[in-house]
Amino acid sequence: MESFELLLAESTRIHGHICAGQVIGVRMSIAALERIGISDPKGADRKKLYVLVEIDRCATDAIQSVTGCSLGKRSMRWLDFGVMAATFVNLETGRAIRVTAREEARTLSATYCPAIVDKYQRQLEAYKVMPLDELFVFQEVKVQVPDCDMPGRPIRRVRCEQCGDWVQDCRERERNGAILCRSCDGERYYQVVTDMDRVSAAPASS
Ligand SMILES: [Zn+2]
Ligand SMILES: [Zn+2]
């Protein structure tokens with residue numbers, strides 16, 4: 001694998017700025033891949049790797065950059081748990097490591113780069129050099145990735161009986177014998193704007 005510096009430069013480019021999250025995400029990924037026996041995540045090992053991220057913040061971009069896993073490739077899954085943690089799975093061997101960023105690292109960072117006054121700058125620099133066990137908790141875990149969540153062609157495509165949208169990857173719902181998409185099953189997150197909305201939103205003419 002490439003060096004930490006190169007991987008950090010690459011993730012910074014993709015993410016758009018350097019931040020503590022990039023350092024955390026890059027170091028977390030390198031350490032986790034080593035522990036699950038993945039040495040060439042974007043090449044020879046790319047089909048063996050699967051990552052579940054528990055937060056949608058800066059570090060997630062770094063994890064994507066180092067591992068090559070992404071939502072679009074279905075090799076990365078986002079679980080909206082709000083925890084700065086990710087689980088790295090070797091699909092071939094079943095070995096999986098969950099890595100959590102330690103909250104204590106924020107305070108500990110002060111002991112590493114005391115000369116840096118700005119707190120965020122200090123954390124960023126400290127996270128580059130702090131030992132892994134001060135930054136992270138590593139847990140060996142078991143993860144069963146459902147067939148419907150795996151990369152590759154969709155297992156199933158069905159049509160919602162209410163709105164007509166096509167639903168892939170077994171995400172449909174069955175209610176009272178009807179096949180529905182999640183929106184029609186009560187999870188709709190949007191409201192379609194109607195002509196009536198437009199009329200009432202238009203400024204009154206004088
Ligand atoms: Zn950031
Ligand atoms: Zn529907």
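These are my notebook entries on a predicted model of a protein with two zinc ions.

**Ground rules.** I worked from a predicted model, in which local features need pLDDT of at least 70, side-chain atom pairs count only at pLDDT 80 or more, and totals for chains, interfaces and linings use all residues. Residues are numbered from 1 along each chain as its sequence is written, chains are lettered from A and ligands numbered from 1 in the order in which they are written, and side-chain values use heavy atoms, without hydrogens or water.

**Overall form.** I began with the whole protein. It holds 8 helices and 9 strands (DSSP runs: H or I of at least four residues for helices, E of at least two for strands). I looked up the radius of gyration and found 22 Å, against near 17 Å for a compact globule of 206 residues. That radius is taken over C-alpha atoms, and the globule rule is 2.2 Å times the number of residues to the power 0.38. The C-alpha trace spans about 60 × 60 × 25 Å along its principal axes.

**Burial and contacts.** I noted that 39% of the 206 residues are buried (buried is under 20% relative accessible area, exposed over 50%, partly exposed in between; 1.4 Å probe, protein chains only). Of contacts between residues at least 6 apart in sequence, 57% join residues at least 24 apart. A contact here means heavy atoms within 4.5 Å.

**Zinc ion (ligand 1).** I listed its protein donors as His15 (NE2), His17 (NE2), Cys19 (SG) and Cys58 (SG), at 2.1 to 2.3 Å. Donors are N, O and S atoms within 2.8 Å of the metal (3.2 Å for Na, K and Ca); water is not among the atoms, so sites may look incomplete. Along the chain I read the spacing H-x1-H-x1-C-x38-C. The site is tetrahedral because its 4 donor atoms subtend angles of 89 to 134 degrees. For four donors, that label requires all angles to lie between 85 and 135 degrees. I then checked the histidines. His15 is buried at 17% relative accessible area, whereas His17 is partly exposed at 40%.

**Zinc ion (ligand 2).** Here I found four cysteine donors through SG: Cys160, Cys163, Cys181 and Cys184, lying 2.3 Å from the ion. Their spacing is C-x2-C-x17-C-x2-C. The angles among the 4 donor atoms run from 104 to 116 degrees, and this site is tetrahedral. For reference, the ideal angle for four tetrahedral donors is 109.5 degrees. I looked up burial for two of the cysteines. Cys181 is buried at 8% relative accessible area. Cys184 also counts as buried, at 13%.

How values were computed
Tetrahedral: all angles 85-135°; square planar, octahedral: opposite > 155°, others 65-115°.
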